[in-house]
Amino acid sequence: MARTPFPSFALLPLLVAALLQSLPTVGAPLLIKRRGAQLRTELVRTVTKPSFRWRLAPSPDSFPRLLFEGIDLVTLHQAHIYQAVMEVPRGGGEPDGPRIEYKDIPGEVIRGEEFTRRTSEITGPLANTSFIVNGVTMVTDDAGVATDTSQSLLALFEDLAASTVTVAARNDKAGLILLTVSRHVLKRYNKDMGPPGSLPKTDLLASMGLDFEPKRSSEREGVTMAVTVPDKLKPGQSFNLTLTVTNRGRNETSSFLGRTVSGRPWLHGKLFYIGSVPSGTSLAFTRHFTVPEDANGGVAFGGMTYWDLLGTLKDKGTVLKLPIDGPPRSPAKPKPGPAP
Amino acid sequence: MRTAAIALALATVLTYGQTAKLGATAPKLTFPAIDELDRRENFARIRQQALFQGQAHQQRLKEANAVFAAMGRLPKTKSVDERILSGIKIRRDLVVTLDGIREDRDRCLRILELVAEAAREENLPNDARHYLKDIRDTATNMRRFQLLQNRRLQSASIGLKNTMRRIPAPGTFENHLGLNMVLVRQKKTSFYISREPVPAGKLAEALGNQAGKPPLTPNWHQARHFCRWLSQGASAPYYLPTLDQMKTFTGLGGKVTRPVWTQDLHRPKKLAERRMRSRFGVETVVLFDPAGILGNQAEHEEMPFASYPEMSFYVVTPVETGWWLRWNTLKQTLDK
């Protein structure tokens, strides 16, 4: 059996300390100050930190709007104040009663430990403030609304498989705040999405006023598509492409989508959200494009392809020809070699 | 007149009487003279057929031997054209010989049927029976030999086909449109490719010159239409080259100075992109641009309806096309 190494001289300081503690009690009355009833809570100090909150705001066009509101995050450092009491031995009295009693010390209080409490106060829209959202700088207007002119939020949802994306907004003073944005092309109200009323606050398409609820009696007869293309472009130029869907059929369309396809990466893969177009009306959606600085001159070919609730609209794609004004690329020298 | 009527009535009565007797006792009526005549005619036919077959058999034997001898000489022929010509001749002789053997076998079968029919006759003289037996034995032996010859010739036909296949395809040929096709040899599948891109004039011809002016910048659909049109005219398959074929062509020194269409459809690397394209029902094609005219990369993804002034296309055809073209040309020479 192993013996625990514990040297006997280690107990000596403990014994000495116990003896010293017991010395004042010998032959002297007990005068111990104790914490009595809580009198009040005192505010020690207040720390205020500016922050913000943001959400999708209703948008009248194809460019998402974001509403930024200022918040003051207030941290209250507080402490409880207690009445100071003295612990004295009780004289006479009943043999079975308490041996000590507490007496107030007039004019003396005991302050407890500090604790913090956090609150927030909405200070209103953050007007004319710069934010970096998803790497893009946006400036709010007087109403605290920033317009995503580059459609960077829409760019996060070019893949239809992505339904929710968490986006970060950063301000130099107010820090970084995350927001989860959703995009539901085939909208279903289920538990994950919350009540229908809460949807526009988080859903990108709902915030833009687009109706993407599946319609059972949807049709595609009499639906025509037109794409507005700029006449001339230059390398480095930004431009908008507008898809207009006109429904001259009897029933409305359902979950109508357009998508660009091209061999040019800057023109490829952008979704155009149309949704439901009631009979006899037309709906337009605009996307923002930028021609690269190093783009060749000539015509950039692309196509607009379509899909709705009934499936692909084959052979109805729109040909896109974007004339770019610039010098054509000079051909590289081919490899020399004999013909086979 | 009265005499003839009496004779007819008598004959009728006699015939009726004989018929009544037939039903009762059925005695056999024999006409020895007529039977003898029939037998002679049958025997004459058998003899005639047997003599003809004997001569035909000798002829077939000579033909088969000539075919085998020519096949033995074929690998020793040095000139490719001569070898092909010899092969064509041998093949023709072989087909003729095989047809002859088939006819001989049918003829032998007919002789055997005639012999069997003749042997059923009663009261045949012994000499006649011996004669029939000889004929039957000879015809049976001939049929056995014909079967053997047929098998040998079939094997020779397969051997000839293999020998002809080993003859290399020509290095170049010019098709009916005047496109110069060059052979690109590969380990797995060799192919012919047009030495130069398809000229705009030929393309305009293929497209029917609808707009009044030849389209100088073909899009992918027009290029494929040209290939179909060329295939119909040439009775041989012509396609747009694949990307691998274009790379092989340039790797062997082919000069491709302009972006050219390939028949490959572009397949995005990302699964999500492939799904999106499938959902929207769109496909793009691969453009081969080793000179870097349209971009920095040698391979581009492009819309099928795109057409640039620099764009062009080549056509490819299987190696068999050149081979058959030479074969047919030599065959026509032989026919003339």
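Chain B of this predicted model contains 9 helices and 7 strands. Of the 336 residues in chain B, 27% are buried, and among the contacts in chain B with a separation of 6 or more, 65% join residues that are 24 or more positions apart.

**The nonpolar cores**

In soluble globular proteins, nonpolar side chains tend to be buried together. The largest nonpolar core here has 43 residues, and the members that touch the most other members are B:Ile193, B:Trp261 and B:Val315. At least two residues of this core come from each of the elements β14 (298-308) of chain A and, in chain B, β2 (180-184), β3 (191-194), α5 (200-206), α6 (220-234), α7 (243-251), β4 (260-265) and β5 (285-288). With 5 residues, α6(B) gives the most to this core. Leaving aside residues up to four places away in sequence, B:Val315 touches B:Leu179, B:Ser194, B:Val198, B:Cys227, B:Leu230, B:Tyr238, B:Tyr239 and B:Leu240. A second core, separate from this one, has 40 residues, including A:Val133, A:Leu257, A:Leu271 and A:Ile274.

**Helix α6 of chain B**

The buried residues of α6(B) are B:Trp220, B:Ala223, B:Phe226, B:Cys227 and B:Leu230. Why can these buried residues be said to line one face of the helix? Seen down the axis of α6(B), they fall within an arc of 115 degrees, so they line one face. The elements against which the buried residues of α6(B) pack are α5, β4 and β5 of chain B, while two of these buried residues, B:Cys227 and B:Leu230, are among those touched by B:Val315.

The length of the helix can be checked as well: the 15 residues of α6(B), at 1.5 Å a residue, should span 21 Å, and because its end C-alpha atoms are 21 Å apart, the two values agree. After α6(B) comes B:Ser235, which has a positive phi, near 55 degrees.

**Where the two chains meet**

The contact between the chains takes 28 residues from chain B and 26 residues from chain A. On the side of chain B that touches chain A, the elements giving two or more residues are β2, α8 (271-280) and β6 (299-302) of chain B, and the largest share, 4 residues, comes from α8(B). The table divides the residues of this side of chain B by class.

| Class of residue, side of chain B that touches chain A | Number |
|---|---|
| Nonpolar | 16 residues |
| Polar | 7 residues |
| Charged | 5 residues |

Of the elements named here, β2 of chain B supplies at least two residues to the largest core and also gives two or more to the side of chain B that touches chain A.

How values were computed:
Residues numbered from 1 in each chain as written. Chains lettered and ligands numbered in written order. Predicted model: local features only at pLDDT ≥ 70, side-chain atom pairs only at ≥ 80, totals over all residues. Core = buried A, V, L, I, M, F, W, Y, C linked by C-beta atoms within 7 Å. Buried ≥ 20, exposed ≤ 12 C-beta atoms within 10 Å, placed from the backbone. Contact = placed C-beta atoms within 7 Å. Nonpolar A, V, L, I, M, F, W, Y, C, P; charged D, E, K, R; others polar. Expected span 1.5 Å × (residues − 1). Arc of directions from axis to C-beta.
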